[in-house]
Amino acid sequence: MSLIEKQEEKTGALDDRVICPVCMHHCVLREEQYGRCRARKNEQGKIVSVSYGKVTSAMLDPIEKKPLARFYPGSRILSVGSFGCNLCCPFCQNHEISMAGQDQTGWQEILPEDLAELAFRYRGSGNIGVAFTYNEPLTGYEFVRDTARLVKDYGMKNVVVTNGSVELEILEEILPYIDAMNIDLKGFTESYYRKLGGDLDTVKAFIQKAAEACHVELTTLIVPGENDSINEMEREAEWIASLSPDIPLHISRFFPRSKMTDKQATDVGLVYRLKETAEQYLKYVYTGNC
């Protein structure tokens, strides 16, 4: 019995509604209704992934762009994205696909076996595997799981770039096949996460579980006036170090994007001061976009 079927059995139908078990929103969906992620819907009483195999973006990227600084540096990885996301960050640089449904963006369909074979064919170009990225890949975790299993069969690596905002049961579905993750830690206050449509405790639990099983690096985008205090970074770095001081942290500079064009780019000096703060607790701290 699949995870979705178990959840439906546990919760039962609410009239014609079904509860989606994938993330902390637990959307209650009527027949043909989509979840807030735009990537899942109630179809004939079952929660299904409508983004399965639908690729909006594909690129052979340097591994450092994920960003991963301490996982096969100098290599390249076939990066693929779909559509949909369960957060609503107003500064999202990929909002054209992350904030879109299947009828609002272009996509091409590809089977897991074809994507795994494509990754294998690119080995000669320095490719080490597949990175699931660009939108929130775990809103369509089934495609990640099915493809990653086949990529492993080719002896290659799997990377997930995620906001970490899904339930641990979903993480456990994919972890056996994942070699590395970059997880967005948007900030370190519950109030800021609420602004973005998320939940800090969900992300912290996700990070802790993932770090026990695979290589994990974290990224915090510093948005002026939102999550840019020295005190907040100190608390964040201290918490990360309580898991392991070896977890790399990327502190990234904000630039105006999407619905947040009214703010200035983050001061470079502040980014480096936050880096110095984090380095009091962590061995590996990197700056981005500076």
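**View 1. Lining of the largest cavity in the predicted model**. Of the 15 residues that line the largest cavity in this predicted model, Ser82, Asn135, Pro137, Phe143 and Val144 lie nearest its centre. The elements that contribute two or more residues to this lining are β7 and α4 (141-153). The volume of the largest cavity is about 120 Å³, and by class its lining comprises 7 nonpolar, 7 polar and 1 charged residues. The count of cavities of 30 Å³ or more comes to 2.

**View 2. Lining of the second largest cavity**. The second largest cavity, with a volume of about 100 Å³, is lined by 13 residues, and those nearest its centre are Cys20, Cys23, Cys27, Cys37 and Arg40. When the residues of this lining are divided by class, 6 are nonpolar, 5 are polar and 2 are charged.

**View 3. The open sheet and its edges**. Running in the order β6-β7-β9-β10-β11-β12-β13-β14, 8 strands form an open sheet in which the pairing is mixed. Strands β6 (57-62) and β14 (285-288) stand at the edges and each has a single partner strand, so one side of each is left without a neighbour in the sheet. From one strand to the next, the twist averages 20°.

**View 4. Pairing of β12 with β13, and the helices that pack on the sheet**. Strands of a sheet pair through backbone hydrogen bonds, in either a parallel or an antiparallel sense. In the pair shown, strand β12 (residues 215-222) and strand β13 (residues 249-253) run in the parallel sense and are joined over 5 bridges, with Leu221 standing opposite Ser252 in β13. Helix α3 (residues 112-121) packs on the sheet, where α3 touches β7 and β9 (127-132), and the direction of this helix makes about 155° with that of β7. Helix α8 (residues 230-243) also packs on the sheet, touching β12 and β13, and the direction of α8 makes about 155° with that of β13.

**View 5. Surroundings of Cys88**. Cys88 is found in the loop that lies between β7 (76-81) and α2 (95-98). With a relative accessible area of 37%, Cys88 is classed as partly exposed, because this value falls between the limits of under 20% for buried and over 50% for exposed residues. When its neighbours within four places in sequence are left aside, Cys88 is in contact with Met99, Lys195, Leu196 and Gly197. A separation of 8.8 Å lies between the C-alpha atoms of Cys88 and Ser98, two residues that are 10 residues apart along the chain.

Terms used
Residues numbered from 1 in each chain as written. Predicted model: local features only at pLDDT ≥ 70, side-chain atom pairs only at ≥ 80, totals over all residues. Heavy atoms only, no water. Helix = DSSP H or I, 4+ residues; strand = E, 2+ residues; numbered from the N terminus. Buried < 20%, exposed > 50% of the residue type's maximum accessible area, 1.4 Å probe, protein only. Contact = heavy atoms within 4.5 Å. 1 Å grid on protein atoms, 1.4 Å probe; cavity = no way out; pocket = protein on both sides within 12 Å on 5 of 7 lines; lining within 4 Å. Points joined across faces, edges and corners; volume = space filled by probe spheres on them. Nonpolar A, V, L, I, M, F, W, Y, C, P; charged D, E, K, R; others polar. Pairing = 2+ DSSP bridges. Axes fitted to C-alpha atoms, helices over the stretch in contact; angles between N-to-C directions.
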